[in-house]
Amino acid sequence: MQVKPEMNTITYKCPNCDGGLVFDPKSQKFKCEYCLSEFTEGELERPPEEPTEASAGQPESEAAMVLYQCPSCGAEIVTEETTAATFCYYCHNPVVISGKLEGRYRPDYVVPFEMDRNKAEEIFKSWIRRKKYVPKDFYSPKQIEMMEGIYYPYWLYSCKVDGRIDAEGVRRRTTRTGSMEFLETSRYQVERKGLMEVRNVSRNALKKADRRLSENVLPFDMEKLKPFQAGYLSGFKAERRDMEKEEFTEEIEAEIRDYAVASLKNSISGYDSINVKNHEEKITSPEWGYTLLPVWVLTYKDKKEDKMYYFAMNGQSGKICGVLPVDYGRLAGLFALVFFPVLIMLLIGGYLI
């Protein structure tokens, strides 16, 4: 077990009763689960207590797991290397591992959760109700309790694009003279140019995250970005990035260039077809922002297939996506219900004799 003595753990305490504070998506305030007091962001600019340093003395044998100490009860907390916020398994207080989010790993922004657990469960149940052939234990009460609110790390890229295209516009006209048909083709030289501002192109910055789900829960309303404050993590889990912006630069800029060309081409009208001959895009004022975005996550282990399935929901908008398991027994029941009555009707009608 690897120990990180330089890391600190923080619990946000209620000034009234010393209970643990969590961020409440519904009220957008920090709420005490014991005395039900509520506090605004401004009232929590500083952690209410000094952080407790993690325990030391363990050999570095497992790089994937890290040991910390709960500042509330002193229990040892085991997390993965990238985990930045979690819960104590013993006293159940929310714990923010502050050292994970300092220096170059401190996020610039955070989009707070707007969907609380009750709303997330309601959306999940409504969604799964329309899926007829998934295993029943996938949506059992015990399974739904395993749903977790997690802040995932994303890079946001913004820039300006000065683009230009040279294109050929084609117009066609058909005329008839007696039994003869003539096709007239006219070609025009067309030029378009413009300056576009691109904001907040998102990329998930966690290697272990399911890439398809992390992209499919997008977009988020980036107008609701807030300057990062660790208090927003209290009551949720959070992950620290382990992918740097340089890994995405080439891919994102290629995507932006393609978008610029397509946008300029789509601005041309009045022609039957448009053929782009030359194009040029100059990217200026590139800016990167490191942010944490809210996602509700549910995992399901199919023991028969020995396969893990994932469900994810945008913690701001409620948009959902997932790869669902199939209960082949229930599917076989449907097949039997449809196939055998049809077979009997065909035999009675003499079609299979």
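The following exchange asks how labels given to a predicted model are justified.

User: What makes a feature of this model count at all?
Analyst: This is a predicted model, in which local features need pLDDT of at least 70, side-chain atom pairs count only at pLDDT 80 or more, and totals for chains, interfaces and linings use all residues. Residues are numbered from 1 along each chain as its sequence is written, and side-chain values use heavy atoms, with hydrogens and water left out.

User: How many helices and strands does the protein chain have?
Analyst: The protein chain has 5 helices and 18 strands. Helices (H or I, at least four residues) and strands (E, at least two) are DSSP runs, numbered from the N terminus.

User: Why is Val295 called buried?
Analyst: Buried means under 20% relative accessible area, exposed over 50%, and partly exposed in between (1.4 Å probe, protein chains only). Val295 has 2% relative accessibility, so it counts as buried. Of the 353 residues of the protein chain, 43% count as buried.

User: Which residues does Val295 touch, and where does Val295 lie?
Analyst: Val295 is in strand β16. A contact means heavy atoms within 4.5 Å. Not counting residues up to four places away in sequence, Val295 touches Phe113, Glu148, Gly149, Ile150, Tyr152, Val217, Phe220, Ala312, Met313 and Gly315. The C-alpha atoms of Val295 and Ser214 are 8.6 Å apart, with their positions 81 residues apart along the chain.

User: Why is the pair Glu280 and Arg164 called a salt bridge?
Analyst: A salt bridge is a side-chain nitrogen of Lys or Arg within 4 Å of a carboxyl oxygen of Asp or Glu. For Glu280 and Arg164 the N to O distance is 3.5 Å, so the pair meets the rule. The pair links distant parts of the chain, 116 residues apart: Glu280 in strand β16 (residues 273–302) and Arg164 in strand β12 (residues 148–177). Glu280 is partly exposed, because its relative accessible area is 48%, and Arg164, at 26%, is partly exposed as well.

User: What makes Arg176 exposed and Glu181 partly exposed?
Analyst: The relative accessible area of Arg176 is 61%, so Arg176 is exposed. Glu181 has 49% relative accessibility and therefore counts as partly exposed. The side chains of Arg176 and Glu181 meet in a salt bridge, at 2.8 Å from N to O. By the rule, the count comes to 16 salt bridges.

User: How do you know that Glu246 and Lys245 form a salt bridge?
Analyst: Their closest N and O atoms are 3.9 Å apart, so the pair falls within the cut-off. Salt bridges that share partners also join Arg104, Arg241 and Glu244 into one network.

User: What makes a set of residues a nonpolar core?
Analyst: A nonpolar core is a set of buried Ala, Val, Leu, Ile, Met, Phe, Trp, Tyr and Cys residues joined through side-chain atoms within 4.5 Å. The largest has 49 residues, of which Phe124, Tyr151, Leu233, Ile256 and Trp296 touch the most other members. Apart from it lies another core of 17 residues, among them Tyr152, Leu218, Leu293 and Val295.

User: What lines the largest pocket?
Analyst: The largest pocket is lined by 47 residues, of which Met147, Glu148, Gly149, Ile150 and Lys237 lie nearest its centre. The largest share of its lining, 5 residues, comes from β16. A pocket, on a 1 Å grid over the protein atoms alone, is an open set of points where a 1.4 Å probe fits, with protein on both sides within 12 Å along at least five of seven lines; lining residues have an atom within 4 Å of a point.
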